[in-house]
Amino acid sequence: MPPLVQLNEVSIGFRGPVLLDEVTCQIETGQRIGLLGRNGSGKTTLMRLLVGEIAPDDGARVTSPGARISLLPQEVPSDLAGNIHDVVLHGLPAAELDDAHLWQSQQRVERLLTQMGLDGELETGTLSSGMKRRVLLARALVAEPDVLLLDEPTNHLDIDAIRWLEDFLLRWPTTLIFVTHDRAFLRRLATRIIELDRGRLFDWSCDYDTFLVRKEAALAAEEKQNALFDKKLAQEEAWLRQGIKARRTRNEGRVKALKKLRVVRSERRDVVGKAKLDIQSAERSGALVAKVQDISFAYGPREIVRDFSTTVMRGDKIGLVGPNGVGKTTLLRLLLGQLEPQSGKVRLGTNLQIAYFDQLRQQLDDEATVQENLGLGGETVSIGGNSRHVLGYLQDFLFTPDRARTAVRFLSGGERNRLLLARLFTKPANVLVLDEPTNDLDAETLELLEERLVEFDGTVLLVSHDREFLNNVVTSTIAFEPGGVREYVGGYDDWVRQRGKSAEADGKGEAPVRKAKGAGAVAVGQPAIGKRKLAFREKRELELLPKKIEELDAKLAELHEAMADADFYKQPTAEIARRQGEAKDLQQQLDAAYARWEELEAE
């Protein structure tokens, strides 16, 4: 059976390095292909070539006669208008919209909208970004394409919508090619991996996990081969510099060979390095970051949160999950004291320095360059107390000097995210608030961001629909569920497992529970059965304990700082022993205060 689409020695380039350099590829029937590559490597360009939106500079694109190809673009078009039925209908070829075929076409649209849970009468302008993406997917599907191309299909979708899409695409009978940063999505769907790397296309013909193993081995082999090549080139350059007369007949061949080596080395495109993400830690916050007691908030009749309680301690890494538009960003603002609850109270800890990553990218000026957005008109930025040139710092985030002088409106989604991370990490912080930071980031940058967040000794509040990212980073999860907002220990998979148990507990009239730090089970969002009422003395003790913990923590930090000074151990032995004993005593008091606080909280 002939391939549906074939690229024969295709080349294309815009500004900068060639994106596709004499690429050859065949797309067969019935495959689910994950297309991988670094941000800016040309994945979207390759998809536009496959669908026929753009033509190659050289080479040819050949499609099977009658083959239909549809593309779901990465961005929602700004001019998307009309009701859902009409938008989807216009995904059909013009020949199927004439009077003779219109009735059948409308019936096909109605069947598809029912299958996808869409109301054809709704105006697309009133929909959320996630729902608009579903409408665009329906428009791509209605022509029943032989090849369906999806460019970042999970962007702006909540977790339930992503899982629905996975199930839907697993049943899709024809060929699927997709670009995604969602590793869980990739693992579940891809049966073949194609990678675009430095202008070349590599067909790994395996699933994602097998690809990771093979790719690591291939990079190690490439590094070894390049090292041997560079060693030979250096030896030949040294030979030439020794003054051997190149005009001698016996040396002419060696000189020519050296020239060829130079040409090969100049044409080599080295592996793109990883971004260098270093988070600037500010002075430590107090042990308590936020104490939230029975807060409620609503926009008119739409309830966001009711009677929710939690405690955020220094070092916590908390994920917020739930459907789009449910109020996750509102809850973030409540936790940080930026929005007053309508009932209940929020008490913030001391010395909080907050850095905020904005999901809507409103912190960037599209008309200014990358360099201007970061440096705010200056040539340097302060990183860790040291001054660095803006261009040098941007290279840590994989922006070349030429790219740094480009207006932001020309950046890809992944590049915009990297620029926002670069700006975020210039600010010393002990609380990081990240609202959808993973959109459009390539896998390598995602993994590095995960590592840095895990190593960060401050507090992280994270809104994300990336299941693997949540699993790898967060220590607890606040979930918006049909029954209200609840908190669970662990990441996404832990929440799914505990959610089932909570549903069973609810059916028996029991409260859902989570584990407090170092304590037993405590209720989230409602009082648990069997709890006793605290005596007045215990209530008063509970109110005073956070302040006591902060004071003990501050004293201990001050003492540790003094003990870290090189001159500390020049004191008499007795004084050193006394201070060490004082530190040990303070640590014991602090541990006891934490234990008592958790005990009373559990009560």
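Guide: Two strands pair if DSSP finds at least two bridges between them. Helices (H or I, at least four residues) and strands (E, at least two) are DSSP runs, numbered from the N terminus. The model here is predicted: local features need pLDDT of at least 70, side-chain atom pairs count only at pLDDT 80 or more, and totals for chains, interfaces and linings use all residues. Residues are numbered from 1 along each chain as its sequence is written, and side-chain values use heavy atoms, without hydrogens and water.

Visitor: How many helices and strands does the chain have?
Guide: The chain has 603 residues. Its secondary structure comes to 18 helices and 22 strands.

Visitor: In which strand is confidence lowest?
Guide: Confidence is given as pLDDT, from 0 to 100 for each residue. The chain has a mean of 80. Strand S7 (residues 175-179) has the highest value, at 94. The lowest, a mean of 34, belongs to strand S22 (residues 521-523).

Visitor: Over which residues does pLDDT stay under 50?
Guide: Where pLDDT is low, the predicted coordinates should not be read in detail. One such stretch has 52 contacts (heavy atoms within 4.5 Å) beyond four places in sequence. It covers residues 507-531.

Visitor: Which strands stand at the edges of the open sheet of six strands?
Guide: The order is S14-S17-S18-S12-S19-S20, with mixed pairing. Each edge strand has a single partner, so one side of it is left without a neighbour in the sheet. The edges are S14 (354-357) and S20 (484-489).

Visitor: Which residue stands opposite Tyr356 in S17?
Guide: S14 and S17 run parallel, joined by four bridges. Tyr356 lies on the uncovered face of S14 with Ile354, while Ala355 and Phe357 form the covered face. Opposite Tyr356 stands Val433.

Visitor: What is the bridge partner of Asp435 in S18?
Guide: S17 (residues 431-435) and S18 (residues 459-463) pair in the parallel sense, over five bridges. The partner of Asp435 is Val463.

Visitor: How many residues of strand S19 are buried?
Guide: Buried means under 20% relative accessible area, exposed over 50%, and partly exposed in between (1.4 Å probe, protein chains only). In S19 (residues 476-481), Ser476, Ile478 and Phe480 are buried on one side. Thr477, Ala479 and Glu481 are buried on the other. The count is six of six.

Visitor: Which residue stands opposite Ile478 in S19?
Guide: Four bridges join S12 (residues 317-321) to S19, and the two run parallel. Facing Ile478 is Leu320.

Visitor: What is the bridge partner of Thr477 in S20?
Guide: A hairpin joins S19 to S20 through two residues. The two strands run antiparallel, with six bridges. Thr477 is partnered by Tyr488.

Visitor: What is the centre to centre value for the aromatic pair of Trp164 and Phe168?
Guide: Rings of Phe, Tyr and Trp (its six-membered ring) pair if their centres lie within 6.5 Å; planes under 30 degrees apart count as stacked, over 60 as edge-to-face and the rest as tilted. Both residues lie in helix H5 (residues 159-170), four residues apart. Their pair is stacked, with 25° between the planes. Centre to centre, the value is 5.2 Å.

Visitor: Which residues form one aromatic cluster?
Guide: Trp164 is partly exposed, at 23% relative accessibility, whereas Phe168 and Trp172 are both buried. Phe168 and Trp172 also form a stacked pair, 6.4 Å centre to centre. The cluster is Trp164, Phe168 and Trp172.

Key
pLDDT = per-residue confidence, 0-100.
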